[in-house]
Amino acid sequence: MAYAARIFSHSKKLRQTHNVLRDRAISLRWFTTDAGPSVDKIDGISRPRPFGIVPGDKNGFTPSHQSINGSTISAVRMNKGNGFWEARKVHAPAIGILYKSQPQNSVRSFSTNSGFPPHQEIGMPSLSPTMMEGNIARWLKKEGDKVTPGEVLCEVETDKATVEMECMEEGYLAKILCGDGSSGIKVGEVIAITVEEEEDIAKFKDYTPSTSDAAPAPEAPSAPTPPKQEVSEVPVTSAEPKASKPSTPSSGDRVVASPLAKKLAEDHNVSLSSIKGTGPDGRVVKADIEDYLASHSKEVLKAPKVDSTTSSPLDYTDIPHSQIRKVTASRLLQSKQTIPHYYLTVDTCVDKLMELRSQLNALQEASGGKRISVNDLVIKAAALALRKVPQCNSSWTNDYIRQYQNVNINIAVQTDNGLYVPVIRDADKKGLSKISEEVKYFAQKAKENTLKPADYEDGTFTVSNLGGPFGIKQFCAIINPPQSGILAVGSAEKRVIPGIGPDQFKFASFMSATLSCDHRVIDGAIGAEWLKAFKGYIENPETMLL
């Protein structure tokens with residue numbers, strides 16, 4: 001009877017278990033012998049869902065925990081082969097379980113925080129692949145103006161050019177946060193506010209952009225608390241301090257001299273260690289000093305006295321960096337640090353080139369066209385040499401060498417703002433007249449700081465000419481990444497060419513051209529082959545017209 005009563009009591013407790021589950025909303029898992037799917041019971045609603053179980057010992061699974069609104073619910077552990085379960089650590093009723101929930105940033109076009117009417121915050125756009133910040137050159141719209149899609153709001157100075165920023169939606173320009181000439185504006189930083197209704201403009205007179213909507217930066221994981229180290233107490237034995245005897249300088253390190261000899265040596269800036277004493281026990285006496293001074297004909301120089309008068313402060317002027325200056329400095333530094341440069345130089349005779357140029361310019365003037373420069377002919381020759389030696393029309397990547405099918409030549413143009421490199425696309429397929437027109441057009445746009453990204457992107461090779469305008473004989477240029485080569489062109493000069501006989505000679509004009517190569521892409525023999533092709537086109541310019 002005692003065993004029957006105990007079994008009846010336990011069965012009664014088991015029947016009341018569902019009330020506990022309903023009231024406390026315990027997260028429950030049921031495992032069969034084959035570890036089937038689990039079921040969570042929350043607020044009386046059961047549904048199957050994954051719960052991230054971890055295999056445990058042979059009798060079941062180890063408990064897994066999940067945090068719900070600051071409360072911890074432990075999963076139920078089942079023992080294999082029986083129906084008894086145990087719930088642990090139920091601290092608070094559960095409202096809901098978020099499975100793999102992550103904070104996400106919502107993108108809002110309009111904001112209504114802080115009591116402001118619906119409005120749109122316009123941020124500094126990224127107008128080029130390398131742009132990190134920009135400057136506002138000037139606003140073409142003013143506060144209160146109506147704006148429509150496609151209208152130009154302002155001119156933005158990027159890291160390479162000045163680009164027009166267009167409006168994307170219809171509305172009114174309520175507030176300009178970054179005025180004309182604002183510099184160092186990070187990409188994404190708010191520069192203006194637009195509203196839908198005209199009567200809402202006045203409400204943004206004192207508007208400042210809010211940073212509360214920005215997603216909080218993820219907190220760095222706290223460093224684990226270092227385990228306490230048990231320090232074993234070591235009995236300190238009081239040791240009697242040993243009396244240290246004062247060390248007496250050895251007689252070998254000390255120079256013995258009379259007071260008068262010391263005074264005389266100090267006045268003439270003479271080291272006593274360099275004088276051998278003749279007195280008792282090697283003592284240096286006055287006569288030894290006098291003999292030393294007499295044997296040296298040169299007078300011992302005394303230490304110069306420091307001028308106590310302070311010099312006037314250095315006069316200087318700090319010139320702010322332009323965007324193009326910043327990006328040029330960054331890219332050239334990257335080029336010299338990461339690209340293994342080597343240089344090849346060749347001298348080319350340009351007599352036939354100059355003669356052909358004179359003939360072509362006569363035809364251009366007769367037809368009203370623009371004159372052709374030596375640089376135009378150099379660009380054409382470089383493009384044809386790249387077509388002939390395509391290995392030089394390539395760039396390096398970590399996985400492969402990319403060889404381009406288009407020959408797009410960047411030309412270096414110096415302006416007051418910095419160095420620009422507009423591109424002549426498909427230069428190998430264009431005539432000299434077309435190349436001349438595009439070079440002059442892009443050079444003018446570069447000086448006016450109105451180049452667009454399409455005017456300088458996608459170049460495959462660069463030509464830099466300091467000969468004609470500056471008279472530089474020869475120089476080595478820095479590769480413009482990701483390209484693998486750049487041609488530096490010097491000026492032409494007349495040289496004496498010896499003839500067959502001893503008294504025979506002639507004059508000829510020669511131009512130096514130096515090719516800077518990326519050794520990862522262009523081997524020395526390939527670079528020499530390209531220069532040979534380039535020299536052939538320069539010395540026989542008629543072949544460029546075929």
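1. Disulfides first: this is a predicted model, and the disulfide count comes to zero. Cys154 is in no disulfide, and the nearest cysteine sulfur, which belongs to Cys178, sits 9.7 Å away. Since a disulfide needs two cysteine sulfur atoms within 2.5 Å, that pair does not qualify. As for its surroundings, Cys154 has 0% relative accessibility, so Cys154 counts as buried.

2. Cys392 tells a similar story. Cys392 is in no disulfide either; the nearest cysteine sulfur is that of Cys517, at 6.0 Å. With the cut-off at 2.5 Å, this pair is out as well. Cys392 is buried because its relative accessibility is 1%.

3. Now have a look at the open sheet. Four strands make it up, in the order S11-S10-S8-S13, and the pairing is antiparallel. Which strands are at the edges? Those are S11 (162-166) and S13 (185-186), each of which pairs on one side only.

4. Within that sheet, take strand S8 (residues 133-139) and strand S10 (residues 152-157). The two run antiparallel and are joined by four bridges. If you want a pair to click on, Ile136 has Val156 in S10 as its bridge partner.

5. On to helix H3 (residues 259-267). Which residues of H3 are buried? They are Ala261, Leu264 and Ala265. These buried residues span an arc of only 100° around the axis, so they lie on the same side of H3. The general background is that an α-helix has 3.6 residues a turn, so residues three or four places apart point the same way.

6. Still on H3, what lies on the other face? The face turned away from the buried side carries Pro259 and Glu266, which are exposed. Helix H4 (286-295) is part of what covers the buried residues of H3. After H3 comes Asn269, and its phi is positive, near 55°; worth a glance when you step through the backbone there.

7. Last point, helix H5 (residues 323-338), which contains Thr328. Is Thr328 buried or exposed? Thr328 counts as buried because its relative accessibility is 18%, and the cut-off for buried is under 20%. A polar atom of the Thr328 side chain lies 2.7 Å from the backbone oxygen of Ile324. That places the two atoms within the 3.5 Å used for a polar contact.

Key
Residues are numbered from 1 along each chain as its sequence is written. This is a predicted model: local features need pLDDT of at least 70, side-chain atom pairs count only at pLDDT 80 or more; totals for chains, interfaces and linings use all residues. Side-chain values use heavy atoms; hydrogens and water are left out. Buried means under 20% relative accessible area, exposed over 50%, partly exposed in between (1.4 Å probe, protein chains only). Two strands pair if DSSP finds at least two bridges between them. The arc is that of the directions from the helix axis to the C-beta atoms. Contact means heavy atoms within 4.5 Å. A polar contact is a pair of N or O atoms within 3.5 Å; within protein, one must be able to donate a hydrogen and the other to accept it, and residues adjacent in sequence count only if both atoms are side-chain atoms.
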